[in-house]
Amino acid sequence: MAKYITRRLIYMVVSLYLIVTATFFLMRLAPGNPFTSEKKLPPEIEAALNEHFGLNDPWYAQYGDYLLRIAQWDFGPSFKYKTRTVNDLISEGFPVSLALGAQAILIALALGLILGIIAALYHNKWQDYGAMIIAVLGISVPSFIMATVLQYFFAIKWGLLPVARWDSFMHTILPSLALAASPMAFIARLTRSSMLEVLANDYIRTAKSKGLSKGVITVKHAIRNALLPVVSYMGPLSAGIITGSFVIERIFGIPGLGSHFVTSISNRDYTVIMGVTVFYSIILLVSILLVDIAYGLIDPRIKIAGGKKGE
Amino acid sequence: MEKILEVKDLSVSFQTYGGEVQAVRNVNFDLYKGETLAIVGESGSGKSVTTQTIMKLIPMPPGKIKSGQILFEGKDIVPLSDKQMEKVRGKEISMIFQDPMTSLNPTMKIGRQIMEGLIKHQNMSTSSAKERAIEMLRLVGIPMPERRVNQYPHEFSGGMRQRAMIAIALAANPKLLIADEPTTALDVTIQAQILELMKDLQSKMNTSIIFITHDLGVVANVADRVAVMYGGQIVETGTVDEIFYDPRHPYTWGLLASMPSLENDDKSELAAIPGTPPDLTNPPKGDAFAARNPYAMQIDFEEEPPLFQISETHFAKTWLLHPDAPAVEPPDAVKRRMRKLSSTFDKPVLVKGGK
């Protein structure tokens, strides 16, 4: 196991290096620079800024310099927010996005699994149709509409929850729900189809022939086998959600990481682009690793510690 | 001898988009304590549906028991609810399925899969159920059961998995074991071992067995009595000797003639029954086998044949046994094996009203 994880960590470093390199050059290929704006800067000021941030150096020097700094977990200063570094932005925004995202994932997973399992157990009955209508709504309604509808009813009309901001637990409920809606719907559909497939298997008939009740068959025989597709979806999903959502964070005025992904690009804020990309990649690679480990725990046929010598 | 199971006039249908498939049509048979009944027939003849209906394992809907009774120890189980059936399945009646590769849960330890039934039906504690599971694995001939009990199905070979299936089925000491082609997916040497094992366990536990197969070699090996199914009906039933040495139904003749034998010289071709099984959405009017039957007479296409009794235990559903029918010769391969059995009546007797 330790050996497997070490090997995976080495692969992760290689992937990160490739991601950093690709982002670095793609970013430079895009026209404009961090100081391009509608009001043109006087040339001497722009030259001074370029000099200050090292943008006048040859590309290989900038590239090498950047790699060195990233290796020390230093993403450099932001080009737009003059007084803050990229590290500051991430360490301020990420805990908020993480808390919001984790809540949303829990909601999505719990409700999605329940809906999916109910739909599969009552295949082609009203429970199935009901669950799937919820799922279709969840997938097709965009999150900004979901968010405003939730705000309208829960905050404005009934006054149950705060409209926006990020202060107490009460503030977290609406954004978490809005963020959870579409992954929940997706998980529900995934669970349903995978449960239906599992329930048609011979070993479910065997379980039934032992005289086990429907509940026991579902819990002990079906769910574990139906979980694999959901688990594989959880990897990229969690990485996406815990690094923040631009739309939801904007609507609810949440100081998370999500907005930086979008604004840094329109700002050509080189260091922030690089910083959030690397950060996102790390989270993604780690969640994929966790998914692979979870695979091995769920399905004994998948031996992650495998390799040549593996038991 | 005591009857453990009586199936009376059982009809089972499936509702499909193409219409109602009458998979089982007015089937009657009995099973005695400690006896092995083999049900033979080609694919789609209704043998699996019949036996899965006995455990009520067919999906309902689309499946439906249209008529009939299934008396298990004298009690009809057709009206029982799913909840009530849970007390019958695994405890009174168990089943071994055809494909051991897919019939075991891949993510559950073998031991656990044996223990489940024990914990449910015999209120055993986990530890005593585990001991019993180890004992069962040893009984079905799995070496090192203490270690094997903690392994997953993918760590077992095909034959080992079928042994494990047998251990699961027999763990709670059922009175009736249904084996649905238990050796079809296994290679020949393993087949023989599994059959030997089942016979051995049957004599130890005095279980009654219904053995579904399309392999007549297996039938000769294990069965006391045979029921031949065709088109959702039982067309001939009798003791093994009666079916093998004095078959009366032309379908049984076809089955026997198409069995490869060492006595066949290499010039004679292996016989086959031409044609395909009848469409059970729309069962033929007369004898279901008429269209493929080289001996078919006009009446076979018009009216369903009645049941004739050839001996105390031998019944066949064919017009050929009617006093007015012309005498016909069975195929050579069958004729060669025909013997005069002492129990045979002088003349086939028409059975009035079903059985």
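In which helix of chain A does S264(A) lie? S264(A) belongs to helix α11, which spans residues 258-266 of chain A; helices (H or I, at least four residues) and strands (E, at least two) are DSSP runs numbered from the N terminus.

This is a predicted model, in which local features need pLDDT of at least 70 and side-chain atom pairs count only at pLDDT 80 or more, while totals for chains, interfaces and linings use all residues. Residues are numbered from 1 along each chain as its sequence is written, chains are lettered from A and ligands numbered from 1 in the order in which they are written, and side-chain values use heavy atoms, with hydrogens and water left out.

**Three residues of chain A**

S264(A) is buried, with a relative accessible area of 2%, where buried means under 20%, exposed over 50% and partly exposed in between (1.4 Å probe, protein chains only). Leaving aside residues up to four places away in sequence, S264(A) touches D269(A), V272(A), I273(A) and V276(A), a contact being heavy atoms within 4.5 Å.

Most residues other than glycine have a negative phi. Two loop residues of chain A with positive phi are set out below.

| Residue | Phi | Loop in chain A | Relative accessible area |
|---|---|---|---|
| W73(A) | about 60 degrees | between α3 (59-71) and α4 (86-121) | 45%, partly exposed |
| N124(A) | near 65 degrees | between α4 and α5 (126-140) | 48%, partly exposed |

**Chain B as a whole**

The secondary structure of chain B comprises 11 helices and 13 strands. Its radius of gyration is 21 Å, close to the 20 Å that the globule rule gives for 355 residues, so chain B is as compact as a globular protein of that length; the radius is taken over C-alpha atoms, and the rule is 2.2 Å times the number of residues to the power 0.38. Along the principal axes, the C-alpha atoms of chain B fill a box of roughly 70 × 50 × 40 Å. Of the 355 residues of chain B, 54% count as buried, and among contacts in this chain with a separation of 6 or more, 66% come from residues 24 or more positions apart.

**The interface**

In chain B, 29 residues are in contact with 20 residues of chain A. About 2100 Å² is buried between the two chains, with carbon and sulfur atoms giving 54% of that area; buried area is the accessible area (1.4 Å probe) that two parts lose on being put together, summed over both. On the chain B side, P106(B), T107(B) and E116(B) lose the most area to chain A, together 26% of what that side buries.
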